[in-house]
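Subject: Structure for you to look through

Dear colleague,

I am handing over the structure below, and after it I describe what was found. Please keep it open beside the text as you read.

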Amino acid sequence: MDVGDPRRFRVDDPMTSRDSGGWLEAVLVDARDARWCTRPYCTTCGGLQFRRAIWTAAARQAGVEMAQFGSTCPPHDLVEGLTSSEREATVRALVAGLRQLPPEWGDTESFRTIIIDLDPPLMKHGVLMDLATELAGTPAGERLARRKEHERSVRAERARRAADASPEAVEERRRVKRLEKARAHSLRQSRTRRRNEDRLEMLAALVRLPAFERLSRFATDPALNLDCVSPELIPDQEGDLVDLERATAVALIARIGRRKGRWGRLRRMLDHRLRAESE
Ligand SMILES: [Zn+2]
């Protein structure tokens, strides 16, 4: 069948158009050319002209004689006078039209408006039919699936936001925060304890060392914090310096820096010794 010219299947051509999508595309093209409003849920005109044209054409496809337009919105005013079998035939004709619709119509307002008028068929028209199943495997079906997926994610997001704001969720977030705080606190405590243990261990090791070896640890061990060394471990006798190498003494003076007290005394002794050596 040649479908190159959709106008071949005008709505009033029952021989060629039954169950073919050409008639629907023809109505869509007419609506576009005539600049009818096809906006979904249009609050100005309700898209009445367009929707009446669609449903009238679908009824004609089904061989159903439409009554005069009623006073309510389409499709209700059109289908209200029909028997249930006529209504079903009309809905099925429109769905058949959608099945034949080329993919480029899938993103249009007209397509959305038709879907809004149709779906769900059982609730809107009393026709037991699942639109997604009926349109499966067609461009219209694909488009419908994407729309449903989008609606689902919007609903899920809305539900998630509502759940987030619930008193239970707020209390749960507080509980988690308290727990994290307590954990961080105990972590800090155990770190401090660990540091203290390390320090005691280091001091115990220093105590066991002879004075000149302790001095060389002070000068060369980068892991050793001089401020953690208790004063009684700082050698203060000239005799303790006898075995110290010159380079070690220089490094130690640099590390002691401007510290006062026992450290200051040690620095002055080291200075004195270096001067005496160079004389
Ligand atoms: Zn409008």
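Before the helix packing is described, it helps to know that a helix axis here is a line fitted to C-alpha atoms over the stretch in contact, and that angles run from 0 to 180 degrees between N-to-C directions. Please also bear in mind that this is a predicted model.

With that in hand, helix 11 (residues 211-220) packs against helix 12 (residues 246-256) at an angle of about 60°, and their axes are 8 Å apart. Since angles of 65 to 115 degrees count as roughly perpendicular and those under 35 as roughly parallel, the two helices are therefore oblique to each other. The crossing of helix 11 past helix 12 is left-handed. On the helix 11 side the contact is made by Leu215, Ser216, Phe218, Ala219 and Thr220, which meet Thr248, Ala251, Leu252 and Arg255 of helix 12. Of these contact residues, five are nonpolar, three polar and one charged.

Turning to the chain as a whole, its secondary structure consists of 13 helices and zero strands, and 25% of its 279 residues are buried.

The largest nonpolar core has 34 residues, of which Val27, Ile54, Ala58, Ala59, Leu94 and Leu98 touch the most other members. Among the elements that give two or more residues to this core are helix 2 (22-33), helix 5 (84-99) and helix 9 (139-165). Leaving aside neighbours within four places in sequence, Leu98 is in contact with Leu24, Ile114, Leu135 and Ala140. Another core, of 10 residues, lies apart from the largest one and includes Ala219, Ile234, Ile256 and Trp263.

With best wishes

Note on methods: Residues are numbered from 1 along each chain as its sequence is written. This is a predicted model: local features need pLDDT of at least 70, side-chain atom pairs count only at pLDDT 80 or more; totals for chains, interfaces and linings use all residues. A nonpolar core is a set of buried Ala, Val, Leu, Ile, Met, Phe, Trp, Tyr and Cys residues joined through C-beta atoms within 7 Å. A residue is buried if 20 or more other C-beta atoms lie within 10 Å of its own, exposed if 12 or fewer, and partly exposed in between; C-beta atoms are placed from the backbone. Helices (H or I, at least four residues) and strands (E, at least two) are DSSP runs, numbered from the N terminus. Two residues are in contact if their C-beta atoms, placed from the backbone, lie within 7 Å. Angles under 35 degrees count as roughly parallel, over 145 as roughly antiparallel, 65 to 115 as roughly perpendicular and the rest as oblique. A crossing is left-handed if the near helix is turned anticlockwise from the far one by less than a right angle, and right-handed if clockwise. Ala, Val, Leu, Ile, Met, Phe, Trp, Tyr, Cys and Pro count as nonpolar, Asp, Glu, Lys and Arg as charged, and the others, Gly among them, as polar.
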